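Trainee: Could you take me slowly through one part of this model, the nonpolar surface patch, and set it within the chain as a whole?

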Amino acid sequence: MSLPDWMNTLKATVLPKPPGGGVRLKGLGVVLGLVIAAVAIFVLSHTLKHIDFDEVLAVVRRTHPGADRAGRDAGGDFISQSDAV
């Protein structure tokens with residue numbers, strides 16, 4: 001089955017892309033991604049500075065009395081989230 005003759009004469013009008021337009025957009029995406037990563041690392045590091053790890057470990061010991069410092073129970077198994085709750 002062949003196409004009708006009028007379909008062979010159709011031409012699509014395509015506007016040419018400006019040179020370098022896509023490169024600038026990709027560059028902006030890379031820069032934006034790096035900024036987001038830097039802000040996330042900055043916020044995380046400042047948040048971790050203010051955590052009292054001794055208090056966190058005390059809470060873990062209270063909720064799971066047989067746990068050691070590595071987060072294992074007396075049998076050597078790691079404590080899962082469901083065990084600690």
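Mentor: The accessible surface of the protein chain comes to about 7,800 Å², and 68% of that surface belongs to carbon and sulfur atoms; such areas come from the Shrake-Rupley method with a 1.4 Å probe, and for residues only the protein chains shown count as cover. This is a predicted model, in which local features need pLDDT of at least 70 and side-chain atom pairs count only at pLDDT 80 or more, while totals for chains, interfaces and linings use all residues. Residues are numbered from 1 along each chain as its sequence is written, and side-chain values use heavy atoms, with hydrogens and water left out.

The protein chain has four helices and zero strands, where helices (H or I, at least four residues) and strands (E, at least two) are DSSP runs numbered from the N terminus. For pLDDT, the predictor's confidence in each residue from 0 to 100, the mean over the protein chain is 75, and among its elements H2 has the highest mean, 90.

Now to the patch itself: Leu-44, Leu-48, Ile-51, Phe-53, Val-56 and Val-60 make a nonpolar surface patch of about 490 Å². The elements that give two or more residues to this patch are helix H2 (21-49) and helix H3 (53-63), and H3 gives the most, with three residues. Ile-51 has its place in the loop between H2 and H3. A nonpolar patch joins side chains of Val, Leu, Ile, Met, Phe, Trp or Tyr within 5 Å, from residues with over 30% relative accessible area and no salt bridge, that is, no side-chain nitrogen of Lys or Arg within 4 Å of a carboxyl oxygen of Asp or Glu. Ile-51 has a relative accessible area of 33%, and is therefore partly exposed, a class that lies between buried (under 20%) and exposed (over 50%).

How values were computed
Patches are made of residues with over 30% relative accessible area and no salt bridge: like charges are joined within 9 Å, nonpolar side chains (Val, Leu, Ile, Met, Phe, Trp, Tyr) within 5 Å. Buried means under 20% relative accessible area, exposed over 50%, partly exposed in between (1.4 Å probe, protein chains only).
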